[in-house]
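Welcome, and please load the model in your viewer. We will go from stop to stop, with something to select at each one.

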Amino acid sequence: SELAVEANQSYDLIRDVELRANAWGFASKRMNIAAHATAPAFEFLKAYPLPADWLRIIFPVRQNLDWRIENHEGVTAILTNQDSSPLRLRYIYRASEALFDPLFTLMLGCSLGWQIAERVTQSNSKRDAMRERYIDIRREARRLNAFERVPDKSPIDEWVTGLQVGQ
């Protein structure tokens with residue numbers, strides 16, 4: 001059917017967008033990454049290739065971590081001057097549907113419906129109704145996800161640590 005074709009063509013992209021949009025507990029992973037054999041041409045000492053299932057980094061607590069995400073030798077990598085290998089990484093990955101939180105699954109369905117509704121139904125009002133439902137469910141899914149995650153410690157700014165050292 002036309003609906004099935006539209007949904008199949010849009011699903012992977014919308015799933016990845018929704019996974020990447022928030023630090024979902026069910027889609028977070030920790031990994032040690034070895035440095036690439038070839039160093040970057042300039043500016044950085046090491047390149048750490050990101051895993052194939054990587055969608056988004058969960059930022060480290062460390063202040064002044066000198067790094068950038070770029071293409072290196074044909075793969076997406078973290079370029080950094082951090083010389084200790086392996087690099088410890090927390091990230092959002094392309095989790096399988098079996099691991100999805102039920103509210104995330106419902107939110108993803110609404111997001112998909114919102115994105116394809118007008119093309120399939122020729123109705124702006126149905127698209128807008130699906131968008132409103134999506135926003136409501138996303139709000140609840142993010143709220144519950146936040147309650148289930150223990151917050152990271154906030155990094156201490158150098159200005160504060162400088163004051164503490166000077167005292």
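Let us begin with a residue on the way to the surface. Select arginine 94: this residue is partly exposed, with a relative accessible area of 32%. Keep in mind as you look around that the model is a predicted one.

**Stop 1: the partner of arginine 94**

Which side chain meets arginine 94 in a salt bridge? Add aspartate 16 to the selection: the two side chains pair with an N to O distance of 3.1 Å. This pair links distant parts of the chain, since aspartate 16 belongs to helix H1 while arginine 94 sits in the loop between S6 and H2, 78 residues away. Aspartate 16 has a relative accessible area of 16% and counts as buried, because the cut-off for buried is under 20%.

**Stop 2: the rest of the network**

Stay with aspartate 16 and show arginine 15 as well. Their side chains form a salt bridge too, at 3.0 Å from N to O, and both of these residues are buried. For arginine 15 the relative accessibility is 10%.

Now bring in aspartate 12. Its closest approach to arginine 15, N to O, is 3.3 Å, which makes another salt bridge. Aspartate 12 and arginine 15 are both in helix H1, three residues apart, or about one turn of the helix. Is aspartate 12 buried or partly exposed? At 44% relative accessibility, aspartate 12 counts as partly exposed.

With Asp12, Arg15, Asp16 and Arg94 on screen together, you have a linked network of salt bridges. Side chains of opposite charge can pair when their charged atoms come close. The salt-bridge count for the model comes to 12.

**Stop 3: the whole chain**

Hide the side chains and switch to a cartoon. The protein chain has four helices and six strands. Reading from the N terminus, their order is α-β-β-β-β-β-β-α-α-α. Color by burial and you will find that buried residues are 32% of the 167 in the chain. A contact map would add one more number: among contacts with a separation of 6 or more, 74% are between residues 24 or more positions apart.

**Stop 4: the largest nonpolar core**

Select Leu19, Trp24, Phe26 and Phe104. These have the most contacts inside the largest nonpolar core, which has 32 residues. Which elements each supply at least two residues of this core? They are helix H1 (2-20), strand S3 (54-57), strand S6 (87-93), helix H2 (102-121) and helix H3 (124-148). H2 gives the largest share, six residues.

Zoom in on phenylalanine 104 and list its neighbors. Leaving aside residues up to four places away in sequence, phenylalanine 104 touches Glu18, Leu19, Trp24 and Phe26.

**Stop 5: H1 against H2**

Next, show H1 and H2 alone. Their axes come within 9 Å and cross at roughly 130 degrees, so H1 is oblique to H2. The crossing is right-handed. To see the contact, display side chains on both helices: from H1 the residues include Leu3, Ala7, Tyr11, Ile14 and Leu19, and from H2 they include Phe104, Leu108, Leu112 and Ile116. Arg15, familiar from the salt-bridge network, is also one of the H1 residues in this contact.

**Stop 6: H2 against H3**

Swap H1 for H3. Here the axes come within 8 Å and cross at roughly 165 degrees, which means that H2 runs roughly antiparallel to H3. H2 passes H3 in a left-handed crossing. Among the H2 residues making the contact are Leu103, Leu106, Cys110, Gly113 and Trp114; on the H3 side they include Met130, Tyr134, Ile137, Ala141 and Leu144.

**Stop 7: two backbone details**

Most residues other than glycine have a negative phi, and most peptide bonds are trans. Go to glutamine 122, in the loop between H2 and H3. Glutamine 122 has a positive phi of about 60 degrees although it is not a glycine, and with 64% relative accessibility this residue counts as exposed.

For the last selection, pick glutamate 73, in the loop between strand S4 (67-72) and strand S5 (75-80). Its phi is positive as well, about 55 degrees, and glutamate 73 is not a glycine either. Is glutamate 73 buried or exposed? Its relative accessible area of 54% makes glutamate 73 exposed.

How values were computed. Residues numbered from 1 in each chain as written. Predicted model: local features only at pLDDT ≥ 70, side-chain atom pairs only at ≥ 80, totals over all residues. Heavy atoms only, no water. Core = buried A, V, L, I, M, F, W, Y, C linked by side-chain atoms within 4.5 Å. Buried < 20%, exposed > 50% of the residue type's maximum accessible area, 1.4 Å probe, protein only. Contact = heavy atoms within 4.5 Å. Salt bridge = Lys/Arg side-chain N within 4 Å of Asp/Glu carboxyl O. Axes fitted to C-alpha atoms, helices over the stretch in contact; angles between N-to-C directions. Parallel < 35°, antiparallel > 145°, perpendicular 65-115°, else oblique. Left-handed = near helix turned anticlockwise from the far one by under 90°.
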